[in-house]
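Student: Could you pick one spot in this model and take a close look at it with me? After that, I'd like to hear how the rest of the chain fits around it.

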Amino acid sequence: MTEPDYELFALRYATREARRGDHFIGGDPHDGPMPMDYFVWVAKGGGRTFVIDTGFNAEVSARRKRTFLRDPVEGLAALGIDAKEVEDVILTHLHYDHVGNFDRFPKARFHLQERELTYATGRYMRYPRLSHSFEVEDVCGIVRLNYAERVIFYDGDAELAPGITVHAVGGHSAGLQFVRVKTRRGIVVLASDVTHFYENMASRRPFTTAFHIGKMLEGFDRLLQLAPNEDHIIPGHDPLVMQLYPAPSAELEGIAVRLDVAPSGKAPRRAGYAAPHG
Ligand SMILES: [Zn+2]
């Protein structure tokens, strides 16, 4: 079967002010501002549309003191995608900023690692240190979707369609998966939270929200193994993505970027990375 080339987009829907020390286990010797962006992604090709993660809503944004830029579903509409018609949603994991709005995709089946739902309903959720990354109503909603036969579970790596594969990593959340997409510039790896920022991977310093640090470190290796090179890896929360990639149109400037074209510059990268030590 020939694999189609997918068009691939990142849609930025929220942001927050933060400090460098917030984003690396062990802190950072040069503390300073380091904002974090929030994205959903879309792969279109072969007559199909895959929405990858569904963001959070305005209410959760206000409660968690994020800066809500736009409703992710309205952002998708600006990209020509009607959430009501979407048939496939890949959930990289069930953290609040990746699965909110799931109820606004009434025709979709949801592609998820089984381990993630086990984790999100399991023994460790009695610890706020781990449960604070989840919204319990989202988790209950996914349980209900499963009873409605709308969740497709994976145990490890899987091909969802020609040119679209998911890869289980764990680490940041127990059932985290990343997505590999064939595009006109070759394979692009949507890392989601396997690396929040280019710098987490480049300096091998995992992000502070952690379930298993060893698996987070192995996750960086997996990204590199499954991407042609570092230019083809897209971190889950890095504002640099909006600078390195072009908007699909003038109207979408600052809202969405194309990931199926080469970046216009170099991000911090692993080879030769000089960590900002003083
Ligand atoms: Zn996460």
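**A close look at Asp 53 and beyond**

Tutor: Let's start with Asp 53, which you'll find in the loop between strand 3 and helix 1 (58-63). Keep in mind that this is a predicted model. Asp 53 counts as buried because its relative accessibility is 0%, and buried means anything under 20%. Now look at its backbone: phi is positive, about 70°, even though Asp 53 is not a glycine. That catches the eye because most residues other than glycine have a negative phi.

For a contrast, jump to Glu 149, in the loop between helix 6 (136-147) and strand 7 (151-154). Glu 149 isn't a glycine either, and its phi is also positive, near 65°. But Glu 149 counts as exposed, because its relative accessible area is 74% and the exposed class begins over 50%. So a positive phi turns up here in a buried loop residue and in an exposed one.

Back to our spot, and on to Ile 52, which belongs to strand 3 (residues 48-52). Ile 52 is buried too, at 1% relative accessibility. Who does Ile 52 touch, once neighbours within four places in sequence are set aside? The list is Val 40, Trp 41, Ala 43, Ile 90, Thr 92, Val 179 and Leu 190. Being apart in sequence doesn't tell you the distance in space, though: Ile 52 and Thr 15 are 37 residues apart along the chain, and their C-alpha atoms are 18 Å apart.

Next, the metal. Four residues coordinate the zinc ion: His 93 through NE2, His 95 through ND1, His 172 through NE2 and Asp 193 through OD, at 2.1 to 2.3 Å. Along the sequence these donors follow the spacing H-x1-H-x76-H-x20-D. Two of the donors come from separate loops: His 95 sits between strand 5 (88-90) and helix 3 (96-99), while His 172 sits between strand 9 (164-168) and strand 10 (177-183), so this pair ties together parts 77 residues apart in sequence. His 95 is buried, with a relative accessible area of 4%, and His 172 is buried at 4% as well. What about the geometry of the site? The angles among the four donor atoms run from 84 to 175°, and the site is irregular. It can't be called tetrahedral, because that would need all angles between 85 and 135 degrees.

Now for the rings. The whole structure holds 10 aromatic pairs. One of them is Tyr 119 with Phe 211: the ring centres are 4.6 Å apart and the planes meet at 50°, so the pair is tilted. Tyr 119 is in helix 4 (residues 114-120), and Phe 211 is in the loop between helix 7 (198-202) and helix 8 (213-226), which puts them 92 residues apart. Tyr 119 is buried at 7% relative accessibility, whereas Phe 211 is partly exposed at 30%.

Phe 211 has another partner, Tyr 124: here the centres are 5.3 Å apart and the planes are at 65°, so this pair is edge-to-face. Tyr 124 lies in the loop between helix 4 and helix 5 (128-131), so its pairing with Phe 211 ties together parts that are 87 residues apart in sequence. Tyr 124 is partly exposed, at 35% relative accessibility, and Arg 123 lies over its face, 5.7 Å from the ring centre. Elsewhere, the charged end of Arg 205 sits over the ring of Phe 24, 3.9 Å from the centre. There's also a cluster linked by ring pairs, made of Tyr 13, Tyr 38, Phe 56, Phe 68 and Tyr 96.

One more loop residue: Pro 239, between strand 12 (233-235) and helix 9 (240-244). Pro 239 is buried, with a relative accessible area of 17%. Not counting residues up to four places away in sequence, Pro 239 touches Pro 35, Met 36, Asp 37 and Phe 197.

Finally, step back to the whole chain, with its nine helices and 13 strands. Its radius of gyration is 17 Å, close to the 19 Å that the globule rule gives for 278 residues, so the chain is as compact as a globular protein of that length. Buried residues make up 56% of the 278, and Asp 53, where we began, is buried. Among contacts with a separation of 6 or more, 67% join residues 24 or more positions apart.

Notes
Residues numbered from 1 in each chain as written. Predicted model: local features only at pLDDT ≥ 70, side-chain atom pairs only at ≥ 80, totals over all residues. Heavy atoms only, no water. Helix = DSSP H or I, 4+ residues; strand = E, 2+ residues; numbered from the N terminus. Buried < 20%, exposed > 50% of the residue type's maximum accessible area, 1.4 Å probe, protein only. Contact = heavy atoms within 4.5 Å. Phe/Tyr/Trp six-rings, centres within 6.5 Å; stacked < 30°, edge-to-face > 60°. Lys NZ or Arg CZ within 6 Å of the ring centre and 35° of its normal. Donors = N, O, S within 2.8 Å, 3.2 Å for Na, K, Ca; no water. Tetrahedral: all angles 85-135°; square planar, octahedral: opposite > 155°, others 65-115°. Rg over C-alpha atoms; globule rule 2.2 N^0.38 Å.
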